[in-house]
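User: I would like to learn how to read the features of a model such as this one, step by step. Could we begin with the interior and then move outwards?

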Amino acid sequence: MHYWSDGLEQLEPYVPGEQPRVAGLIKLNTNENPYGPAPEAVQAMAQVAQQGLQLYPDPASQALCEAVARHHAKQGIDSAQVFAGNGSDEVLAHAFRAFFVRAGRSLLMPDISYSFYEVYARLFGIPARQVPLRADWRIGVEDYLAVDPAQCAGVVIANPNAPTGMALSLADIERLLEHFTQQVVLIDEAYVDFGAESALALVQRYPQLLVVHTLSKSRALAGLRVGLAFGQAGLIDGLRRVKDSFNSYPLGRLAQAGAQAAYEHHAYYERTIGQVVASREALAQALQQRGFEVLPSKANFLFARHPQHAGADLHAQLRERRVLVRHFRKPRLQDFLRITIGTPQQCQALLHALDAILQQG
């Protein structure tokens, strides 16, 4: 366009999963939590809605950060080590701008991971060096350790990775931190609550470690848009500097109240996380019985393919049967489906639809 800034036409925006406008679809395509948020979180937002919305929110989200720090007290986290933003995507954007814009250096990331990383790298003019996943779909830590840190702007890794669902151990993350001592290592833990080891336990020992969380998955608040980062004071300072140069009030009063209540009533989430994990294991077994290859997942989704059916065909035929899953067109991924873990009833509906497809095919 004539009026666009230079280079804007070269950006390739992130494409989110379909948000359907058709009623009655079984939605297993965007990794939302099927059980909804804690009732206390909804009540807290309703109370705030009755009073105070004429006032600006706390720009630092201090009460929320304190509640989060209390929740993670066993890892030694204090409120000064917590940063809150408008969804983890905004937190990631601030982190890319704050830590990875380094002249002549490349940002390391897996070649198959959350595709927003590549988008942000382009947006901020950061050269991206994509490290291929191993043949077994795992992140090969050895491949990162082979890179000269002096040539590196930083490292960003989703753990568990998306869309594979596979997780690194805490020991592997620590190996990265011991190698990249002068660069920020960002561990995106959007799905960590579903069975992976959190790197929060390492924050006090490694000043270059930034851990990012979201309330969209395990806490079922995707519609509220709340994300968090954890790190030592220097990193939090950098994030705040970017935030206050962009948007001083990223979280509204409703979001802060709902998120705080979600952290103060954790028993509800422990119960629903357990339900999701049980459904994940049952669905993985059921898919394997139907001939699918299913990658070992520590997330709230499965990544699976069938040796006799193209992923695009299965995706289309499931949608015809009113079941939405996610399909990616990248060459190595094109035969896989990413399937969000729904309720037992939703998972059963998916299996019924797959049975019909496999029988006719």
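**Reading the core, the surface and the salt bridges**

Analyst: In this predicted model, the largest nonpolar core has 92 residues, and those with the most contacts inside it are Tyr-144, Leu-209, Leu-283, Leu-287, Leu-318 and Leu-350. Helix H9, residues 266-289, gives the most to this core, with eight residues.

User: Where does this core lie with respect to domain 1 and domain 2?

Analyst: The core lies between them, because domain 1 (26-36 + 267-359) and domain 2 (39-265) both give residues to it.

User: How should I read the record for Lys-217, and is this residue buried or exposed?

Analyst: An unreviewed UniProt entry places the annotation "modified residue: N6-(pyridoxal phosphate)lysine" at Lys-217, and such annotations may be inferred rather than shown by experiment. In the model, Lys-217 is found in the loop between strand S7 (209-214) and strand S8 (227-230); its relative accessible area is 14%, under the 20% cut-off, so Lys-217 counts as buried.

User: Which residues form a nonpolar patch on the surface?

Analyst: Met-1, Tyr-3, Trp-4 and Leu-8 form such a patch, with about 530 Å² of accessible area together. Met-1, which is found in the segment before strand S1 (26-27), is exposed, with a relative accessible area of 68%.

User: How should I read a salt bridge, and how many does a search of the whole structure find?

Analyst: Side chains of opposite charge can pair when their charged atoms come close. A search of the whole structure finds 18 salt bridges. In one of them, the side chains of Glu-12 and Arg-122 meet at 3.9 Å, N to O; Glu-12 lies in the segment before S1 and Arg-122 in helix H4 (residues 116-123), so the pair ties together parts that are 110 residues apart in sequence.

User: Which parts of the chain does the pair of Glu-264 and Arg-70 link?

Analyst: Their side chains meet in a salt bridge at 3.3 Å, N to O, and this pair links distant parts of the chain, with Glu-264 in helix H8 (residues 253-264) and Arg-70 in helix H2 (residues 62-71), 194 residues apart. Glu-264 is partly exposed, with a relative accessible area of 42%, whereas Arg-70 is exposed, at 52%.

User: Which residues are linked in a network of salt bridges?

Analyst: The network links Arg-134, Asp-136, Arg-138, Glu-142, Asp-143, Asp-172 and Arg-175. Within it, the side chains of Glu-142 and Arg-138 meet at 3.9 Å, N to O; Glu-142 is partly exposed, with a relative accessible area of 36%, and Arg-138 is partly exposed, at 31%.

Note on methods
Residues are numbered from 1 along each chain as its sequence is written. This is a predicted model: local features need pLDDT of at least 70, side-chain atom pairs count only at pLDDT 80 or more; totals for chains, interfaces and linings use all residues. Side-chain values use heavy atoms; hydrogens and water are left out. Patches are made of residues with over 30% relative accessible area and no salt bridge: like charges are joined within 9 Å, nonpolar side chains (Val, Leu, Ile, Met, Phe, Trp, Tyr) within 5 Å. Accessible areas come from the Shrake-Rupley method with a 1.4 Å probe; for residues, only the protein chains shown count as cover. A salt bridge is a side-chain nitrogen of Lys or Arg within 4 Å of a carboxyl oxygen of Asp or Glu. Helices (H or I, at least four residues) and strands (E, at least two) are DSSP runs, numbered from the N terminus. Buried means under 20% relative accessible area, exposed over 50%, partly exposed in between (1.4 Å probe, protein chains only). A nonpolar core is a set of buried Ala, Val, Leu, Ile, Met, Phe, Trp, Tyr and Cys residues joined through side-chain atoms within 4.5 Å. Domain bounds come from an automatic or database domain assignment.
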